Amino acid sequence: MTPTYRICLLPGDGIGPEITVEAVKALEAIGRRFGARFEFREALLGGAAIDATGTALPDETLAAARAADAVLLAAIGGPKWDSTDPDAPRPEQGLLGIRKGLGLYANLRPVRIFDALVGASTLKPEALAGVDMLIVRELTGGLYFGPRARERDVEGAGAGGVRGMRAYDTCVYTEFEVERIARKAFEAARARRGRVHSVDKANVLESSRLWREVVHRVHDAEYPDVELIDQLVDNTAMQLVRYPAQFDVVLTENMFGDILSDEASMLTGSLGMLASASLGDGTALYEPSHGSAPDIAGQGVANPLAMLLSVELMLRYSFAMHEAADALAGAIEAVLADGWRTRDIAGPDTLPQRTVGTSAMGDLVVERLEG
Ligand code: IPM
Ligand code: MG
């Protein structure tokens with residue numbers, strides 16, 4: 001019997017719908033070749049959902065995501081919905097809401113360099129040799145979800161004694177939250193090169209001191225075979241461009257992981273190459289790490305590869321279709337090796353006739369999947 005997998009698609013905003021089309025194309029090709037059936041159900045999230053319903057995460061979307069075997073999210077947000085009004089709905093509330101709603105506490109962002117793209121990075125090729133890391137970002141705690149407010153500055157301590165507003169966000173972590181993400185990182189390291197850098201700011205932040213203590217406790221009790229290195233986040237930011245090959249698994253809290261993963265993506269040449277998997281105890285969600293790129297939306301030039309690499313992660317983690325995942329990764333690698341580029345990864349050595357748009361790039365991958 002042909003296995004059937006139900007995928008909830010969340011195309012979102014900006015380039016989201018364009019790259020979603022490419023993901024569906026690739027999944028259909030994979031279904032034909034590997035004998036699986038994918039059923040797609042589309043739902044609204046982000047700005048698209050705000051426009052249609054007034055809220056960034058409609059109840060039906062969360063219900064559709066929960067009911068699916070996996071969720072594939074493209075990107076959300078854009079200038080249309082940007083506002084500093086604390087009461088205005090924001091697309092990002094949809095993304096944070098669905099992460100929280102599905103309990104997706106572990107965000108895995110693999111940073112892998114395709115040989116063909118070494119020249120596309122802003123770093124020297126020597127600096128990129130041996131780079132293969134996995135960022136394990138805590139995704140449902142910290143500053144993104146802690147108590148926050150904007151309120152009248154009643155003490156009148158504003159600059160020059162002028163009374164005004166003040167605002168705060170709070171970074172809260174519980175032992176439980178740190179333990180479970182630490183386990184994910186140590187497990188991942190065991191299946192890789194056996195090293196975890198735990199990134200914090202323990203020289204300043206109390207939440208980081210608890211983080212460090214708990215990570216060490218979990219390590220000593222359950223994973224003494226894994227090498228554990230503490231690193232302060234400012235140092236990590238520097239080490240990522242100085243000697244990125246030192247990293248195997250990088251374990252870190254929500255906001256540090258957000259920032260460091262954008263930085264690490266440039267090792268690969270483009271933010272358009274970084275995939276991610278968000279895992280919890282139920283349905284998992286897959287999404288490229290890049291945003292909705294409103295500046296190029298609708299032009300057919302967006303790079304669909306981070307989306308396709310997110311599909312690869314879905315095949316592995318949610319459907320255990322490892323052979324299909326390898327085939328998809330191999331197809332992407334072959335297309336790049338043949339010199340095909342979207343413009344974000346085109347270099348001085350790219351032939352103009354090999355610079356292609358979103359859908360041509362998707363077709364090239366599908367051709368190789370079928371060939
Ligand atoms: C990411 C994004 C999101 C985040 C934004 C859009 C809320 O930057 O997935 O990295 O900060 O988590
Ligand atoms: Mg980010």
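Hi everyone. A cavity here is a set of grid points where a 1.4 Å probe fits but cannot get out. Please keep in mind that what we have is a predicted model.

Let's start with the enclosed space. The structure holds 1 cavity of 30 Å³ or more, and the volume of the largest cavity is about 90 Å³. Which residues line the largest cavity? They are Pro110, Arg112, Phe114, Thr268, Met273, Leu274, Ala275, Leu309, Glu312 and Leu313. Two elements, strand S4 (106-112) and helix H10 (305-317), each give two or more residues to that lining, and H10 gives the most, with 3 residues. By class, the lining has 7 nonpolar, 1 polar and 2 charged residues.

Since H10 came up, a word on that helix. Its 13 residues should span 18 Å at 1.5 Å a residue, and the end C-alpha atoms are indeed 18 Å apart, so the two agree. H10 is also mostly covered, with 11 of its 13 residues buried; among them are Leu309, Glu312 and Leu313, which we just met in the cavity lining.

Now to the open side. The largest pocket has a volume of about 960 Å³. Its lining counts 35 residues, and Arg90, Glu92, Gln93, Leu96 and Tyr144 lie nearest the centre. The elements giving two or more residues here are strand S3 (70-75), helix H4 (91-101), strand S6 (148-152), strand S7 (165-169) and helix H9 (254-265). H4 supplies the largest share, 5 residues. For those of you thinking about chemistry, the pocket lining divides into 16 nonpolar, 7 polar and 12 charged residues.

On to the rings: there are 5 aromatic pairs in the structure. Take Tyr173 and Trp211: the ring centres are 5.5 Å apart and the planes sit at 75°, so this pair is edge-to-face. Tyr173 is in the loop between S7 and helix H6 (175-190), while Trp211 is in helix H7, so the pair ties together parts 38 residues apart in sequence. Both residues, Tyr173 and Trp211, are buried.

Phe186 and Tyr223 make a stacked pair, 5.1 Å centre to centre with 25° between the planes. Phe186 is buried, at 0% relative accessible area, and Tyr223 is buried too, at 3%. Elsewhere, ring pairs link Tyr5, Phe38 and Phe319 into a cluster.

Last, two charges over rings. Lys100 lies over the face of Phe145, at 4.7 Å from the ring centre, and Arg354 lies over the face of Trp340, at 4.2 Å. Thanks for listening!

Conventions. Residues numbered from 1 in each chain as written. Chains lettered and ligands numbered in written order. Predicted model: local features only at pLDDT ≥ 70, side-chain atom pairs only at ≥ 80, totals over all residues. Heavy atoms only, no water. 1 Å grid on protein atoms, 1.4 Å probe; cavity = no way out; pocket = protein on both sides within 12 Å on 5 of 7 lines; lining within 4 Å. Points joined across faces, edges and corners; volume = space filled by probe spheres on them. Helix = DSSP H or I, 4+ residues; strand = E, 2+ residues; numbered from the N terminus. Nonpolar A, V, L, I, M, F, W, Y, C, P; charged D, E, K, R; others polar. Expected span 1.5 Å × (residues − 1). Buried < 20%, exposed > 50% of the residue type's maximum accessible area, 1.4 Å probe, protein only. Phe/Tyr/Trp six-rings, centres within 6.5 Å; stacked < 30°, edge-to-face > 60°. Lys NZ or Arg CZ within 6 Å of the ring centre and 35° of its normal.
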